[in-house]
Amino acid sequence: DLSLEQYRADVMQQIERSYNMQFAGVLTILLVLVLEALFIFRPLVRHLRDYHNHLLKLALTDMLTGLNNRRAFIQLANAGMDYYNRHKKPFALVLMDLDHFKSVNDTYGHKVGDLVLQHFSTLMHNTLRAHDTLGRIGGEEFAIFLPQITEEEALPMIERFRKIVAETPCPYVDGNGETKTLHYSSSFGIVAISEGVWTLDELFIRADELLYQAKEQGRNCVVMKQLSTITHKWV
């Protein structure tokens, strides 16, 4: 009996020792997993998320000006048009480009031309409303989607912006290291929608026609039309 009791006690001690070792091993594994999650996987996930956001920004942002590129602008403008068409709210689309920009590149070089594009983009940010959608859609051509705005409101807003551009020269440094300024101007075509359903392609075509008219009228001006929602013709 004593021998059996001693054997039983030894076995129980071995079982308890084995259990404690297993418990300690499980705790160690859990601790290692927690540390890996904190110091390895979590930073890795954050790095992947940051890299994804960086790639998304590269895909949707014009890197020279920081504005939406053509793809991003079309996506945002289409989304805005869908919303305002459903809720029967007025909006406007603006196309614009810089007057005689080729001569700027030819005379002063592409580096100064890039400064002018950046300067124009900064004026857009500083002058227009925070919820307006701004985009560079190619070369020296830009676009603005103006949500919830009437014809009577859009025209003076863009006219004010045109004057600011014409009266605010772009600073640059010439080949001799001297700081100088370059005056430039821009032309605008605006289509205003008060009701009805239009596609963005239709508005681009009509705004481009108005932009061409602005250039035909001597540049540095704004031409605007409101579209008829029933006949899809000029009002």
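The following legends describe close-up views of a predicted model.

**View 1. Confidence along the predicted chain.** The protein averages a pLDDT of 85, and 86% of the residues score at least 70. Over residues 228-235, by contrast, the pLDDT is below 50, although this stretch has 22 contacts in the model beyond near neighbours in sequence.

**View 2. The open sheet of 5 strands and its order.** The strands of this open sheet follow the order 2-3-1-6-7, and their pairing is mixed. Strand 2 (133-138) and strand 7 (222-226) are the edge strands, each of them pairing on one side only. Averaged over the sheet and with direction ignored, neighbouring strands are turned by 15° against each other. Strands of a sheet pair through backbone hydrogen bonds, in either the parallel or the antiparallel sense. Strand 1 (residues 91-98) and strand 3 (residues 141-147) take the antiparallel sense, with 7 bridges between them, and D97 has E141 in strand 3 as its bridge partner.

**View 3. The hairpin of strand 2 and strand 3.** These two strands pair in the antiparallel sense over 5 bridges, and G135 stands opposite A143 in strand 3. The hairpin that they form has 2 residues between the strands, and G139 in the turn has a positive phi of about 55°. Strand 2, although an edge strand, is mostly covered, with 5 of its 6 residues buried.

**View 4. Helix 4 across the sheet.** Helix 4 (residues 110-127) lies across strand 1, strand 2, strand 3 and strand 6 (186-193), and runs at about 10° to strand 3. Strand 3 is flanked in the strand order by strand 2 and strand 1, and helix 4 lies across both of these strands as well.

**View 5. The packing of helix 3 against helix 4.** The axes of helix 3 and helix 4 come within 7 Å and cross at roughly 140°, and the two helices are therefore oblique to each other. On the side of helix 3 the contact involves F101, V104, N105 and Y108, which meet H110, V112, G113, V116 and L117 in helix 4. Divided by class, the residues of this contact comprise 6 nonpolar and 3 polar, with no charged residues. Helix 3 (101-108) is preceded by a loop that connects it with strand 1, and H100 lies in this loop. Most residues other than glycine have a negative phi. The phi of H100, however, is near 50°, a positive value in a residue other than glycine.

**View 6. The packing of helix 2 against helix 6.** Helix 2 (residues 70-86) and helix 6 (residues 200-216) pack with their axes 10 Å apart and at an angle of about 110°; helix 2 and helix 6 are therefore roughly perpendicular to each other. Helix 2 contributes F73, I74, A77, N78 and M81 to the contact, while helix 6 contributes L200, L203 and F204. By class, the contact of helix 2 with helix 6 has 7 nonpolar residues and 1 polar residue, and no charged residues.

**View 7. N220 in the loop between helix 6 and strand 7.** N220 is placed in the loop that joins helix 6 to strand 7, and its phi is near 55°, a positive value in a residue other than glycine. With a relative accessible area of 27%, N220 is partly exposed. Strand 7, which lies beyond this loop, is one of the edge strands of the sheet.

**View 8. The hairpin of strand 4 and strand 5.** Strand 4 (residues 170-173) and strand 5 (residues 179-182) run antiparallel and are joined by 4 bridges, with V173 standing opposite T179 in strand 5. Between the two strands of this hairpin there are 5 residues, and G177 in the turn has a positive phi of about 85°.

**View 9. A59 of helix 1 and its contacts along the chain.** A59 lies in helix 1 (residues 2-60) and is partly exposed, with a relative accessible area of 29%. Leaving aside its neighbours within four places in sequence, A59 is in contact with N69 and R71. A59 and R71 are 12 residues apart along the chain, and their C-alpha atoms are separated by 8.3 Å. R71 falls within the residue range 70-86 of helix 2.

Key. Residues are numbered from 1 along each chain as its sequence is written. This is a predicted model: local features need pLDDT of at least 70, side-chain atom pairs count only at pLDDT 80 or more; totals for chains, interfaces and linings use all residues. Side-chain values use heavy atoms; hydrogens and water are left out. Axes are lines fitted to C-alpha atoms, for helices over the stretch in contact, and angles run from 0 to 180 degrees between N-to-C directions. Angles under 35 degrees count as roughly parallel, over 145 as roughly antiparallel, 65 to 115 as roughly perpendicular and the rest as oblique. Contact means heavy atoms within 4.5 Å. Ala, Val, Leu, Ile, Met, Phe, Trp, Tyr, Cys and Pro count as nonpolar, Asp, Glu, Lys and Arg as charged, and the others, Gly among them, as polar. Two strands pair if DSSP finds at least two bridges between them. pLDDT is the predictor's confidence in each residue, from 0 to 100. Buried means under 20% relative accessible area, exposed over 50%, partly exposed in between (1.4 Å probe, protein chains only).
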